[in-house]
Structures are given as structure tokens and as C-alpha cells.
Amino acid sequence: MVVVIKSAPINQGASNALAEVDFNFHTDGKTCEDINECSTLNGGCNQICTNQPGSFQCSCRSGFRLSSDGKTCKDINECSTLNGGCNQISTNKPGSFQCSCRSGFQLSPDGKTCEDINECSTLNGGCNQICTNQPGSFQCSCRSGFRLSSDGKTCKDINECSTLNGGCNQICTNQPGSFQCSCRSGFQLASDGKTCKDINECSTLNGGCNQICTNQPGSFQCSCRSGFQLASDGKTCKDINECSTLNGGCNQTCTNKPGSFQCSCRSGFQLASDGKTCKDVNECSEQKPCDNTNGVCKNTVGSYRCSCKIGYELLADKTTCRAQARGCEITILSVDHTFGAIYVGKYFNFDRTKIRDLGPGKELKFLAYNPRTSLIGEVVVWGQPNGGSLGDAHGRFNNRNVAPKPRQWRVGDKFVPIDDSYCAKEKCESCRIPVLSVDHKFGASFVGQYFNFDRKLVNGLAVGQELKFLAYNPRTSLIGEVVIWGQSNGGSVGDAHGRFNHKNVAPQPGQWKTGDVFVPVDGSFCARVPRKTCEISILSVDHAFGPSHTGQYFNFDRQHVHNLGAGQTLKFLAYNLRTSKIGEVVVWGNSNGGSIGDSHGRFNSKKVAPAPGQWKTGDKLVPVDASVCKQV
């Protein structure tokens with residue numbers, strides 16, 4: 001038998017109420033067994049049915065509460081109380097709720113608190129330039145010089161140059177996020193970074209201009225002074241050679257000068273007042289340059305010519321006339337000796353009849369020189385042979401100035417007595433024949449290679465005839481065979497001509513000058529006039545320039561030299577009696593600061609180079625042409 005015990009309701013308002021107490025009576029008829037109400041339709045509970053002895057209880061899961069019927073569960077809206085504890089968004093759900101966050105935030109591990117999301121930390125928030133994080137959001141912005149595009153992220157460059165040229169004075173160059181002012185060539189940017197100031201290129205190295213630099217706004221221009229023209233480089237000034245066009249308007253000589261030119265005239269002309277025309281100077285009437293006693297002056301266009309009366313010759317100064325000088329050269333016939341080879345050339349053998357008063361066995365001593373070697377000194381000659389193969393007299397240098405040495409003389413050499421009174425006049429004489437012009441009909445390449453002279457000054461030179469003989473030029477000291485012809489070669493002055501003949505001396509252009517003389521060694525080719533010699537004493541050898549010049553110059557008394565005025569210069573062939581050096585000397589009619597003497601001189605580098613110690617006080621200067629000397 002089953003006994004069902006119904007229990008009375010208990011506190012119907014409670015969440016866990018007993019519906020009723022039910023038991024099953026055991027089969028033993030005595031014991032009551034609990035009925036599990038929950039096993040049937042969950043005891044009618046909405047959610048949880050908990051069986052209890054003789055009863056059961058309905059309950060709800062978390063987030064629900066039991067309705068008043070004791071069985072149904074109603075959802076609890078946790079969000080309605082303090083937002084469910086959520087920091088931002090609380091979303092109620094059946095039996096529960098969920099916290100969430102607004103965009104730009106993320107839920108922290110406590111499930112309630114919202115933390116700001118830093119969007120800028122990932123790919124810069126998608127911003128092109130600047131990303132600024134903000135609570136729950138972020139903002140893109142741009143650097144100076146850019147502006148934000150409509151997408152809110154991309155930055156576009158602002159072209160500052162499009163508005164008022166960016167404030168630049170000249171050139172505005174837009175750059176990403178900026179701009180730059182610059183200037184055109186010839187300007188420089190001022191300190192404000194916008195204004196352009198002109199560069200004065202002329203202030204630095206004259207702008208590179210050779211002469212005149214003119215500054216211009218943003219540039220400069222080179223120009224030249226009068227007489228110059230600008231070169232193709234635009235900077236260098238080239239001289240204008242005015243003389244290249246119509247000779248600059250000059251009548252004769254146009255001399256170009258930097259930026260100018262000057263007209264001048266050849267010797268014998270003077271410049272007219274117009275500065276261009278040349279007028280002939282009549283030297284004969286205005287200056288009377290020729291020897292007043294024995295000379296003749298002839299004016300020529302641009303020059304003049306002095307000549308002398310018959311029996312006189314023109315001196316080296318080309319103005320003074322003197323009686324024609326004579327000398328002689330005696331040919332060496334052999335140089336061998338009876339005493340053997342060591343004497344060969346130490347002695348010379350010659351024809352005794354060439355020397356006046358040299359009888360058999362007689363001895364004479366006199367000053368003479370050898371034109372080939374330019375040695376000069378005392379020679380001694382004897383009027384008998386020494387066993388030489390040719391010649392009936394012999395001689396040698398006499399140890400005064402020049403020591404006799406083997407091979408000092410050669411066959412064909414000449415020895416020349418300075419005092420030609422030792423010469424037999426009918427056997428050997430010399431003369432000086434003036435060179436009147438040096439031009440030639442064949443043109444400039446022959447000028448000075450040939451000389452032109454007066455045919456009547458050479459004995460036996462007929463029209464069309466040719467002669468050859470040994471001669472020399474005292475100005476150049478050149479000696480050799482010359483060939484002359486008794487007709488003109490087209491030279492401007494003279495009816496005969498000649499030149500060196502390739503024996504000893506090769507003919508060359510410029511070798512002869514108008515006013516030179518040529519001197520035949522054998523005087524039988526011309527008129528006979530005795531020769532004289534002179535000696536000029538050296539008074540001192542010091543110099544104002546100091547010891548290195550001592551003896552290179554000699555000092556003497558000007559009154560002993562013809563035509564050596566104060567400040568004048570003369571050149572002539574002369575020798576030093578002590579050293580036997582012979583060559584051209586140059587003398588000046590003024591002191592060089594030497595202790596004694598009012599004039600000075602030196603060798604002139606023709607044959608003999610001037611050197612310190614070359615001259616000593618007491619030496620004698622001996623002009624070969626005695627007309628240089630003046631008797632005092």
C-alpha cells in the first residue's frame with residue numbers, strides 16, 4: 001500500500017520553496033521512500049531542480065532569479081546596476097552580461113576596464129606623416145609645408161611658390177614640405193633668405209677682366225682702354241697693332257706700343273709737326289759733320305756721306321780724314337831649321353830684301369805681329385839663313401811679351417812690322433780702301449756679303465778685271481783672301497766690288513758694313529803712304545763697381561785719343577804691349593770711378609774677351625791705326 005503524504009506549502013515567496021512533501025510507501029508496508037520529483041519534467045523547474053527528502057527545490061543558474069511561481073527563472077539585468085561594473089559598455093545577456101569598449105578601446109584582462117588602443121603604434125595609424133593618439137581614437141596631421149588630404153591620412157605638399165612667389169625676390173623653388181628662394185646668376189641671397197642682392201663681380205680680381213670691369217645688375221662687362229680690343233674670351237684685352245693698317249699713317253717707321261703706337265723716322269730724318277711725316281735732315285748744312293779741312297760732305301736722302309780728298313782716308317768715326325796709312329806684311333817662306341825638328345815653327349824664314357837695311361849677318365829687333373794667331377811682340381831677325389829650306393833670312397819672337405815656341409809659325413804666315421819703316425817700300429806696303437756700300441742687285445740675302453768701293457784706289461784694276469790678294473777688315477779682325485772685280489754689282493755707291501774668297505774666311509751676309517775698310521796685305525795694290533804707331537799709357541785699372549772689375553777695365557787720359565769727347569764712345573783695333581793680346585777695344589770719354597784717368601775702356605769681346613786682371617797700371621794700349629792717337 002502506498003501512502004502519499006502531502007506536505008503543506010512553505011514560504012511561497014522563497015526562491016527554494018517546497019512544493020509539497022511526497023513519499024512513496026515501501027513495499028514492506030512500513031518504510032516510506034522519497035519521490036524524486038526532479039526526475040519527472042525536472043520537477044517543473046525552469047532551470048535547476050534539486051531533489052530533497054520528501055520534496056524538491058527549483059533554483060536558477062547564475063544571472064537568473066526564481067520567479068514568484070517558484071519554478072520559472074527570470075534573467076537578472078546586471079547592467080542595470082552600476083553598469084554591471086563595466087567601464088564603458090555593459091551588454092546584458094540571458095543569465096549573464098558582457099563588458100565591451102567603444103571603438104578605440106580594448107577590454108583589459110579584468111573583463112571590465114577599457115584601455116585606450118594606441119592606433120599610432122601600428123603602421124603609424126595609417127597616417128602619411130604625423131599620428132597623434134587620442135583617448136579612443138587618433139588623429140593624422142602633417143608637417144609644416146603639407147596639408148591633410150580629404151582621406152584624413154595622406155599629406156599633400158603645399159606649393160608655397162604658387163602664392164606671391166613664396167615671398168621670394170627672384171626664383172622660388174618648391175620642395176616637399178618647404179620651398180627655397182634663390183637668385184639668378186649675378187645675384188646673391190640676402191640674410192632674410194628671400195631678397196636678392198647684386199654681386200659686384202668687379203670687386204674680386206677685377207671680375208677676371210684684363211683691364212676695365214663695369215658692374216651691371218646681375219652681371220658685369222669687361223672692356224678695354226683705347227688702343228686695345230676685347231679678345232674672344234670676353235676678358236682679355238689684346239693690343240691693337242695700329243701699325244698693321246697703313247703703317248699707322250706713319251711716313252716711315254711705325255712702332256706699335258701697348259694701347260698705342262708711335263711714328264718715328266730713320267736716321268737722317270726728323271719727324272714733322274703732324275707726328276707722322278718724316279723730313280730729310282741736311283746734315284751737311286746743319287751739322288757740318290765731315291772733316292772741315294780734308295773732307296767732303298754730300299747730303300743723301302736720310303743720311304750723308306763723308307769722303308776725303310785724294311791721298312786721305314776716312315777714319316773709323318766716318319767723319320775724320322787722315323793721310324792714308326801704310327804697312328807691310330812679309331810672307332813666311334819656310335819654318336824648318338838646321339838644328340832639327342824641335343826648332344820647326346819656332347823660327348821663320350823669309351826674303352831678306354823685304355826688310356830695309358837687313359844686310360847679310362845683320363840683326364834687327366822691332367815690334368811685329370802674326371795676323372793668323374793675333375800674337376804681337378818684339379821679333380828679332382837676322383840677315384842670313386838658318387838652314388831653312390826657303391829664304392835667305394830668319395827670325396823669331398824675342399821673349400818680350402811672346403816666348404818663341406816650336407810650331408808657332410807656319411809656311412804662308414805673315415809677320416807684320418808695326419813700324420813699316422822697317423819694310424822695303426818697293427817690296428811690301430799696305431793701304432786702307434773705304435767700303436762705300438754693301439748692297440747688291442741680287443737682293444737682301446747678299447747685303448754685306450759683298451762690299452763696293454772706288455776702283456781707282458786699287459792699282460791695275462781695270463773695268464771687268466778680277467784680282468785676288470790677302471786682305472783684312474780692321475773692324476772685325478777677319479783676314480783672308482779677297483777677290484775683287486772692276487765693275488759694279490748693282491750696289492748703290494761704288495764702281496767695283498769684292499768679297500772674301502773662302503780662303504780662311506767664308507763670305508757671309510752682314511760681314512761688311514758701309515764705312516768699313518779693307519786692307520790689302522801687299523801695299524803694291526794701292527798708293528804708298530808711311531804708317532805710324534802710338535802708345536797710350538794705362539794710368540789705373542780700378543773701377544767704381546769694386547774688385548771684381550779691377551783689371552777688366554783700364555783708365556787713361558782722354559786727351560791722347562783723337563775725337564774722344566766727354567761721353568763719346570769709340571771702337572778700334574788695338575793691343576796690350578805687355579800681354580801681346582790684340583783685338584777690338586771700346587773706350588768711353590768719361591770716368592768709371594777709377595782712381596786716375598778721365599776716361600776708361602776694355603776689350604770688346606772680338607777675339608779677346610774682357611776679364612778681371614787683364615790690364616795693369618803702366619801697361620800700354622797700342623792702336624793698330626795710329627790716327628786714333630793725338631800727339632800732346
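These exercises work through cysteine pairing in the structure above.

The model is predicted: local features need pLDDT of at least 70, side-chain atom pairs count only at pLDDT 80 or more, and totals for chains, interfaces and linings use all residues. Residues are numbered from 1 along each chain as its sequence is written, and side-chain values use heavy atoms, with hydrogens and water left out.

**Exercise 1.** State how many disulfides a search of the whole structure finds.

Solution. Start with the criterion: a disulfide is a pair of cysteine sulfur atoms within 2.5 Å. The search of the whole structure gives 19 disulfides.

**Exercise 2.** Describe the link of Cys 45 and Cys 58: distance, handedness, placement and burial.

Solution. Step one, distance: S to S is 1.7 Å, and a disulfide joins Cys 45 to Cys 58. Step two, handedness: the torsion about the S-S bond is about -90 degrees, so this disulfide is left-handed. Step three, placement. Helices (H or I, at least four residues) and strands (E, at least two) are DSSP runs, numbered from the N terminus. Cys 45 sits in the loop between strand E2 (32-34) and strand E3 (48-52), while Cys 58 is in strand E4 (residues 55-59), so the pair ties together parts 13 residues apart in sequence. Step four, burial. Buried means under 20% relative accessible area, exposed over 50%, partly exposed in between (1.4 Å probe, protein chains only). Cys 45 has 7% relative accessibility, so Cys 45 counts as buried. Cys 58 is buried at 2%.

**Exercise 3.** Do the same for Cys 290 and Cys 306.

Solution. Distance: the disulfide between Cys 290 and Cys 306 has S to S 1.8 Å. Handedness: -90 degrees about the S-S bond makes the link left-handed. Placement: Cys 290 lies in the loop between helix H1 (283-286) and strand E27 (295-300), and Cys 306 in strand E28 (residues 303-308), so the pair ties together parts 16 residues apart in sequence. Burial: both Cys 290 and Cys 306 are buried.

**Exercise 4.** Explain why Cys 32 and Cys 79 each lack a bond to the closest cysteine sulfur.

Solution. Take Cys 32. The closest cysteine sulfur is in Cys 38, at 19 Å, which is too far for a bond. Cys 32 is partly exposed, at 35% relative accessibility. Now take Cys 79. The closest cysteine sulfur is in Cys 86, at 5.8 Å, again too far for a bond. Cys 79 is buried, with a relative accessible area of 15%.
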